[in-house]
Amino acid sequence: ETPSTTLDIEENQDELLHRTYLYWTPDKRVALRAEYEFEKLKRDALPGFANSIRPKEIRTNRLPLGVNYYHPNGLFSEVLTTYYKQDVEFPTLTGNNHDDDSFWLVDFSAGYRLPKRYGLVSFVVKNVFDENFSFQDTLLSGEAIKPSVPTIQPERAVYWRFTLSY
């Protein structure tokens, strides 16, 4: 019989998320938004593993500010700019190593709402100015520090989106 190579590890992790927002429609064609979000993830270091690549603590502040425009003929657009400030702590053999960054990202979209609200066609640009930054996502996959579902684009992304509603 072959010995099992599976290793079960129990990990303690605390997550905290605070969010406040203000949405305002000063006109039936214009919508404004301002939000603030604080997210904190803290977890125990795992014994015997290379913890220097696994963050021990992540503190992220986000400040999204956006303007949406809706025309009665179905055309719409959005500009969203978001300020990020993040501090990440990695455990090391001699103490802790900190990585921090703050940056602004700008996203843009424009599109058309199909008649009778059957769907949307939109053109989207994420990270319009192709901003370089250091960011550690909190949605991590099990074995690596890569996010399982990234929340922001590390480089400019341009795509079309087609959504049907029926």
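Start by selecting Arg 62: setting aside neighbours within four places in sequence, this residue is in contact with Glu 35, Tyr 36, Glu 37, Glu 39, Tyr 83, Tyr 84, Phe 135 and Thr 151. Contact here means heavy atoms within 4.5 Å. Before moving on, note that this is a predicted model, where local features need pLDDT of at least 70, side-chain atom pairs count only at pLDDT 80 or more, and totals for chains, interfaces and linings use all residues. Residues are numbered from 1 along each chain as its sequence is written, and side-chain values use heavy atoms, with hydrogens and water left out.

**Stop 1: around Arg 62**

Keep Arg 62 selected and show the strands. Arg 62 has its place in strand β3; strands (E, at least two residues) and helices (H or I, at least four) are DSSP runs, numbered from the N terminus. Is Arg 62 buried or exposed? Arg 62 counts as buried, because its relative accessibility is 11%. The scale runs like this: buried is under 20% relative accessible area, exposed is over 50%, and partly exposed is in between, using a 1.4 Å probe and protein chains only.

Now add Glu 37 and Glu 39 to the view. The Arg 62 side chain makes a polar contact with the side chain of Glu 37 at 2.7 Å, and another with the side chain of Glu 39 at 3.2 Å. A polar contact is a pair of N or O atoms within 3.5 Å; within protein, one must be able to donate a hydrogen and the other to accept it, and residues adjacent in sequence count only if both atoms are side-chain atoms.

**Stop 2: three strands side by side**

Next, select residues 13-27, which are strand β1, and residues 30-43, which are strand β2. These two pair in the antiparallel sense over 13 bridges, and two strands pair if DSSP finds at least two bridges between them. Look at the turn: a hairpin of 2 residues joins β1 to β2. Asp 27 has Val 30 in β2 as its bridge partner.

Add residues 57-70, strand β3. β2 and β3 also pair in the antiparallel sense, over 11 bridges. For a landmark, pick Leu 32, which stands opposite Val 67 in β3. While you have strands on screen, remember that in a regular strand the side chains alternate between the two faces of the sheet.

**Stop 3: salt bridges**

How many salt bridges does the structure hold? There are 11, a salt bridge being a side-chain nitrogen of Lys or Arg within 4 Å of a carboxyl oxygen of Asp or Glu.

Go back to Glu 37 and add Arg 19: their side chains meet in a salt bridge, 3.9 Å from N to O. This pair links distant parts of the chain, with Glu 37 in strand β2 and Arg 19 in strand β1, 18 residues apart. Glu 37 counts as buried at 17% relative accessibility, while Arg 19 is partly exposed at 45%.

Then try Arg 59 and Glu 57, whose closest N and O atoms are 2.4 Å apart in another salt bridge. Glu 57 is buried too, at 8% relative accessibility.

For the next one, select Asp 107 and Lys 126, a salt bridge with its closest N and O atoms 3.9 Å apart. Here Asp 107 sits in strand β5 (residues 95-113) and Lys 126 in strand β6 (residues 119-126), so distant parts of the chain, 19 residues apart, are linked. Asp 107 counts as buried at 18%, and Lys 126 is partly exposed at 28%. To see a whole network, select Arg 19, Arg 33, Glu 35, Glu 37, Glu 39, Arg 62 and Glu 78, which are joined by salt bridges that share partners.

**Stop 4: the aromatic rings**

Finally, look for rings. The structure holds 7 aromatic pairs; rings of Phe, Tyr and Trp (its six-membered ring) pair if their centres lie within 6.5 Å, and planes under 30 degrees apart count as stacked, over 60 as edge-to-face and the rest as tilted. Select Tyr 84 and Phe 135: their ring centres are 5.7 Å apart and their planes stand at 75°, so the pair is edge-to-face. Tyr 84 is buried, with 7% relative accessibility.

Then switch to Phe 103 and Phe 133, a stacked pair at 4.4 Å centre to centre, with 10° between the planes. Put Tyr 84, Phe 103, Phe 133 and Phe 135 on screen together and you have one aromatic cluster.
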